[in-house]
Amino acid sequence: MLAPLVLWLVAFVVLPMAILAVYSVCQRDELGRVVFSFSWDNYARVFDPIYLRIFARSIGYAALTTAICVVMGFPAAWFIARTSDRWRQRLLVLVMIPFWTSFLIRTYAWITILKGDGLLAGMLHYVNAISAPLELLYTPFAVVIGLVYSFLPFMMLPIYGSAEKLDGALIEVAYDLGCGPLRAFSQVILPLTKPGIFAGVLLVFVPAIGMFAITDLMGGARVPLIGNVIQNQFFQARDWPFGSALGVVFLLLFVATYWLLQRRGAVGVELR
Amino acid sequence: MASMVELRGVTKRFGSFTAVNDVSLSVMPGEFLTLLGPSGCGKTTLLRMIAGFERPDQGTVWLDGTDVTDSPPYRRNVNQVFQSYALFPHLSVRDNIGFGLRMQKLAAAECASRIEEAVSLVALEGLEDRKPDQLSGGQRQRVALARALAPRPAVLLLDEPLSALDAQLRRGMQLELKRLQRQLGVTFIFVTHDQEEALTMSDRIAIVNRGRIEQLGTTDEIYHRPVTAFAAEFIGQANVFDVQFVSAAADGVRVRTNTGLQLLMRSDRWPQGKGKGRLSLRPEKVHVAKEPIPAETTFPAIVEEKVFKGSVDHLRLRLPEGSELLAIVANQSALIARIHRGDQVYCCVHPEDFVVLGET
Amino acid sequence: MKCLRSFIAVGLLAFTSLASAEELNLFAWSEYVPQAVIDGFTKETGIKVNYETFASGEEMLAKLLAGGSSYDLIQPPDYIAEALIKHELLLALDATKLPHLKNIAPEFLHMPHDPKQAFTVPYMVGSVGLVVNTDVVKDPVRGYKDLFQPKYKGRIVALNDNRELVSWVLVTLGLDQNDITAANLAKVRPILADWIRLVKLFDSDSPKTALLSGDVDLGVVWSGEAARLYEENKKFAYILPAEGAHPFVDVLAIPAQAPHVAAAHRFLDYVLRPEVSKLISDEFPYTNPNLEARKLLTPEQLANPASYPKLEKYTTFRDIGKGAAAIDQLVTDLKSSQ
């Protein structure tokens, strides 16, 4: 029974990561081919202030994205989970619909909205809300919009899962026993939806650190995040070993995040 | 005496459905009142309006002399035990019971002693550190009870709290609830659809049907003097006859059922000058014998069915003129062993056992 | 997406090789080979073409080196072709099978990346130059120095290509754009840092988009993009930087391990035919190196200043080997410390 699973894990998880780990301690030739001679040089470069700064900025963007996703996603997911059956199905479909089109197409749609002569600018000009040209696209603000937009469903769905399972009577009990709305939220709703929130944080925070397409397309490729740097090693700098070392460090960052969250709450349960 | 809970002309609609229709009710301090009725009759909605989870569309809710119609649940000194228990799964037994106390911001020591008191009240010693999913159904029930009682509410509302327990546990809990209520002197308002439960525990019962209180009275009144066919048939069982007035004499009033059966009943029960009426007769009041009984109202009957119910037997009798009569016979008599399906028996009813019913 | 596409392509390859029909695996830039050309080739020869795409020369190199031995025909830029020739990864072409090679203008043959003209066939030639929206920008812009001005901050689009960025500064400094040394990069650094701060966005895929939408008014872009802009609206002027423009030649070549060498030669010669090469110019208005094909173009096409500019200093990019990593680190550093 276990054998196919083990094979699957070896083929799709262990092997690629092992290759990544091996490459990360190798060198490269003129053309960019990997040369098998051991060295920690690539890791030494990862800890160059240039890249540490980029790691820090990537984490900052990811943290901001995650925070906005929690603040926006929780009420929405909660509302969907607590609404009538009929509406719940429809609203869930609405959350899923963006996944039916390609990620790139959705990102270009945002570019169409935000660009100088785009939809938003047109509307604002029409109602005379602004007179100067709109400077939204190709700013950090646009990057955050793009990240939040892409990852919001990944925050909402696990929170929805927790919220939907929460017995409404528990909230009534809280009210009954003297909790006002705020304390009912902090004492009952929050602790009971925590697994969903943690799962959502994991699903948003980690991929958001490594996201590169949005910084390129909506941020104008002006401020590189760690995903861009890794991508560049393969597609511009011909430096696979260094790219692998960055990838390994990024992976360790993921493991650390997961471990931290697991210690704080039962993420595992929700993810399984 | 001032009432502890009072509903004045309360109406609640959900869309086009009227769940509670102009109900007024007054519950005395320390009273054990049961709202009894079939599912969907509005009894739970009544309870939720007292708790504050629903706001009446019309009428007012009063608690201990104060109008609380617009107060949220957390401002009412009323706690509820939920049908599903609704224990907080993330909290231990101790923290569940102490939840309401923490919200009252009591000192830690006071909290601890009140929790201890509540734990011993419901005999849960030793389980304080367990989580709800490590408890049996009966234990969860006790935690829910202790949690609702710990903040010492003036009124405890119980929404079918025993329905999830098995029969034996349920009987035990019925007695225990009654004992607790006497011991604490707290007003209990108990919702159930189980008439036996209602009779066992209540001081008074309110029979709720289609959003209205059909009859409110002591258990005795409710059982022996049902005022409507619904009340008669919902509590225990009843033989109900539609009858016409025949004659009045010194020994009582004679009436005739629509199948032609002549019955004699106490004249003070029959409303003066009334031509038609509806009677109820409890099946255990029907006396059954193998031989004719020298009494006023005696008829022969055929036993069409005999159902063994443990302590009693249910007999479905067919009377000569065609009507059906249910009789309940205690299993202690030697007589019952000799009665079989298809036998000819004689039954007799006493004039004082007929109750005249009003319209539903 | 790209992964999925290659996955499907590999799947198709496996399937079609079973079917044993003749086929050709073409690995080329996205949006660079017109569908009409591919269809015409298949119609004439019966050879099925599997067109897989890449978005940068380095990406192509990476995939080729990662074991893409099933490619029959690749489309590297000049300096990548040079590296591939140096490392003996290209097959020497059979000139007898390429009679139409004579159509190529002599200045595009025997170039530094393939001095013996033994491994590559020029496909299209372009340049990197300046585009200015002359409706908005009234001051003359002649070179990089005129364009990278503080007054244009936030109004510039530049190619998202680190080597290009560095080369612009090198020629501005009067240095050799192919001389990537630590000393030269140190000289580049302060100037590039200033320039990067002025740029609103970096985009190699479609830099014309931001110019068309008015998000920016100036740009340093591929000449093909500039030609499209000019076709759209004559207000977009294309200027070869006075400091020195560099042309690029995209070539076609056969990898050393290509499985369908004969089919690859047939495709090469097919593309060299004037009427086929014209189709490419129609869709992608770069400089067509095919003189016979140019004769078939309209006067408007030939008059587009971005398609047929007057190049004076004629230095293409050369292979810089490991220098690419140093460039990447420099630009990454500058971009992230603005």
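**Exercise 1. Work out which of the 2 touching pairs of chains shares the most contacts, and what each side brings.**

Start with the pairs: among the 2 pairs of chains that touch, A and C have the most contacts between them. Keep in mind that this is a predicted model.

Next, count residues. Chain A puts 29 residues in contact with 29 residues of chain C. On the chain A side, two elements give two or more residues each: helix H3 (49–82) and helix H11 (226–235).

Last, sort that side of chain A by residue type. You get 13 nonpolar, 6 polar and 10 charged residues.

**Exercise 2. Find out how chain B relates to chain A and to chain C.**

Take chain C to begin with. No contact joins chains B and C, and their closest C-alpha atoms are 43 Å apart.

Now turn to chain A. Here 17 residues from chain B meet 15 residues from chain A. Strand S6 (78–81) and helix H2 (93–103) of chain B each supply at least two residues to chain B's side, and H2(B) has the largest share, with 3 residues.

What types of residue are these? The side of chain B that touches chain A has 11 nonpolar, 6 polar and no charged residues.

**Exercise 3. Decide whether chain C is as compact as a globular protein of its length.**

List the elements first: chain C has 14 helices and 9 strands. Then compare two values. The radius of gyration of chain C is 20 Å, and the globule rule gives 20 Å for 338 residues, so chain C is as compact as a globular protein of that length.

For a feel of the dimensions, picture a box of roughly 60 × 45 × 40 Å along the principal axes, filled by the C-alpha atoms of chain C.

Then look inside. Buried residues make up 49% of the 338 in chain C. Of the chain C contacts with a separation of 6 or more, 76% are between residues 24 or more positions apart.

**Exercise 4. Locate the largest nonpolar core and one of its best-connected members.**

A bit of background: nonpolar side chains tend to be buried together in soluble globular proteins.

The largest core holds 103 residues, and those touching the most other members include Ile50(B), Leu156(B) and Ile207(B). Helix H4 (residues 137–149) of chain B gives the most to this core, 6 residues.

Zoom in on Ile207(B). Setting aside neighbours within four places in sequence, its contacts include Leu36(B), Ile213(B), Ile222(B) and Phe234(B).

Finally, there's a second, separate core of 102 residues, with Leu147(C), Val220(C), Phe236(C) and Val331(C) among them.

How values were computed
Residues numbered from 1 in each chain as written. Chains lettered and ligands numbered in written order. Predicted model: local features only at pLDDT ≥ 70, side-chain atom pairs only at ≥ 80, totals over all residues. Helix = DSSP H or I, 4+ residues; strand = E, 2+ residues; numbered from the N terminus. Rg over C-alpha atoms; globule rule 2.2 N^0.38 Å. Buried ≥ 20, exposed ≤ 12 C-beta atoms within 10 Å, placed from the backbone. Contact = placed C-beta atoms within 7 Å. Core = buried A, V, L, I, M, F, W, Y, C linked by C-beta atoms within 7 Å. Nonpolar A, V, L, I, M, F, W, Y, C, P; charged D, E, K, R; others polar.
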